[in-house]
Amino acid sequence: MPKTICQGLAQVNTLSVVVPAFNESAHLGDCLDALLEQRRYIHEIIVVDNNSTDDTAAVVLDVRRRFPMVTLVAESERGVVHARNTGFDHADGSIIGRIDADTHVGPGWAKSILDFFDRRLDYAAVTGPIHLYDSPWAAPYRAFVNYTTKRKADELQVSAASGNNFAIRRSAWQAARGRVSLRTDLHEDIDLSLCLYRVGLRIAHIKSMCVEVSGRRLLTPPLEYRHYVLSSYRTWAHHDLVCNSLRRLLIADMVLHTLHWPLTRMLSTCESRILPVSHSDTSVESDRRLPSVHNVEFAAAASGK
């Protein structure tokens with residue numbers, strides 16, 4: 001048996017979960033409750049307070065008094081990418097999970113991650129199905145996701161994963177750390193995914209890794225949502241991976257959002273959510289070139305070596 005595989009089989013994986021949060025006191029409690037129901041399979045939960053002005057920190061500290069495995073970390077530089085990086089750098093589990101502060105992990109979420117990485121040494125990261133809650137479209141969207149998921153394999157390779165339901169080997173994160181962009185006008189989750197993709201590290205989608213996320217994004221006004229979609233385009237362009245099919249997909253997304261938004265606003269009982277990306281980034285880092293990384297380093301990361 002190859003040495004790297006023997007090492008992988010001998011390793012006992014541990015799961016750290018990172019939750020970036022900005023003014024999420026209204027949702028964070030339920031998010032942590034869902035995670036703590038699975039604490040048998042979670043080594044630590046790290047909430048990164050990204051300059052919140054509400055009671056986000058107080059919510060975390062209250063939970064920590066009862067569950068010391070919950071840690072509060074502060075990141076003063078605004079932007080999800082900075083909060084994520086700080087949380088990932090603090091994590092000491094061999095696997096790092098990443099969800100949003102309004103994510104509710106489904107039953108068996110943590111165990112499914114550990115089981116997958118124990119079995120599949122050929123993958124560096126994993127994601128799973130995402131459903132909605134607190135949205136008038138939650139039921140039809142769930143039916144759509146379940147229908148499309150049922151028609152796919154239990155495990156399949158994907159090129160990108162959403163940050164509200166994501167896990168990565170810590171060895172892969174350490175290898176990719178110097179390549180991820182710090183631009184706040186890009187989608188940090190897509191950027192990290194494409195950093196892995198461009199060097200041959202694989203991301204899997206597994207059916208058992210289910211979560212529910214808030215439908216607040218559907219309430220974003222169309223002109224504001226346009227910036228959200230443009231950030232997706234900029235992220236793929238940053239990696240020189242823009243194609244016509246992507247353009248068509250993003251245009252269709254904007255058109256569909258514009259059409260359903262008036263009715264969604266009328267039927268919804270929750271409030272819109274602040275965009276996780278800025279409209280532009282004028283920092284010096286915006287134009288920096290991605291540093292080169294030896295392929296052997298990423299090959300080792302893929303096997304958890």
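A salt bridge here means a side-chain nitrogen of Lys or Arg within 4 Å of a carboxyl oxygen of Asp or Glu. With that in hand, let's walk through the structure above, which is a predicted model. Side chains of opposite charge can pair when their charged atoms come close. A search of the whole structure turns up 17 salt bridges.

A good place to start is the pair formed by Glu 24 and Arg 216, whose side chains meet with an N to O distance of 3.2 Å. Glu 24 sits in the loop between β1 (15-21) and α2, while Arg 216 sits in the loop between β11 (211-214) and α9, so this salt bridge ties together parts that are 192 residues apart in sequence. Are these two residues buried or exposed? Both Glu 24 and Arg 216 are buried.

From Glu 24 we can step on to helix α2 (residues 25-36) and look at its partner, helix α3 (residues 56-66). The axes of these two helices come within 9 Å and cross at roughly 25°. Angles under 35 degrees count as roughly parallel, so α2 and α3 are roughly parallel to each other. The crossing of α2 and α3 is right-handed.

Helix α3 has a salt bridge of its own. Arg 66 pairs with Asp 62, and their closest N and O atoms are 3.5 Å apart. Both residues belong to α3 and lie four residues apart, about one turn of the helix. Asp 62 is partly exposed, with 36% relative accessibility.

The same kind of spacing can be found in helix α5 (residues 109-119), where Asp 115 and Lys 111 are four residues apart and therefore separated by about one helical turn. Their side chains meet in a salt bridge at 2.8 Å, N to O. Asp 115 counts as partly exposed at 31% relative accessibility, and Lys 111 is partly exposed too, at 35%. Elsewhere, salt bridges join into a network that links Arg 119, Arg 120, Asp 122, Glu 155 and Arg 202.

Now for the loops and their backbone. Which residue in the loop between β2 (44-49) and α3 deserves a look? Asn 51 is found there, and its phi is near 70°, a positive value in a residue other than glycine. Asn 51 is partly exposed, with a relative accessible area of 35%. Asp 240 also has a positive phi, about 55°, although it is not a glycine. This residue lies in the loop between α9 (222-238) and α10. With 65% relative accessibility, Asp 240 counts as exposed, because the cut-off for that class is over 50%.

Another loop residue, Ser 181, is placed between α7 (170-176) and α8 (188-198). Ser 181 is buried, and its relative accessible area is 3%. How far is Ser 181 from His 238 in space? Their C-alpha atoms are 9.0 Å apart, although 57 residues separate them in sequence.

Our last stop is the surface of the model. Ile 251, Val 255 and Leu 259 make a nonpolar surface patch of about 310 Å². Of these residues, Val 255 lies in helix α10 (residues 244-267). Val 255 is partly exposed, at 45% relative accessible area. This value fits its place in the patch, because patches are made of residues with over 30% relative accessible area.

Technical notes
Residues are numbered from 1 along each chain as its sequence is written. This is a predicted model: local features need pLDDT of at least 70, side-chain atom pairs count only at pLDDT 80 or more; totals for chains, interfaces and linings use all residues. Side-chain values use heavy atoms; hydrogens and water are left out. Patches are made of residues with over 30% relative accessible area and no salt bridge: like charges are joined within 9 Å, nonpolar side chains (Val, Leu, Ile, Met, Phe, Trp, Tyr) within 5 Å. Accessible areas come from the Shrake-Rupley method with a 1.4 Å probe; for residues, only the protein chains shown count as cover. Buried means under 20% relative accessible area, exposed over 50%, partly exposed in between (1.4 Å probe, protein chains only). Axes are lines fitted to C-alpha atoms, for helices over the stretch in contact, and angles run from 0 to 180 degrees between N-to-C directions. Angles under 35 degrees count as roughly parallel, over 145 as roughly antiparallel, 65 to 115 as roughly perpendicular and the rest as oblique. A crossing is left-handed if the near helix is turned anticlockwise from the far one by less than a right angle, and right-handed if clockwise.
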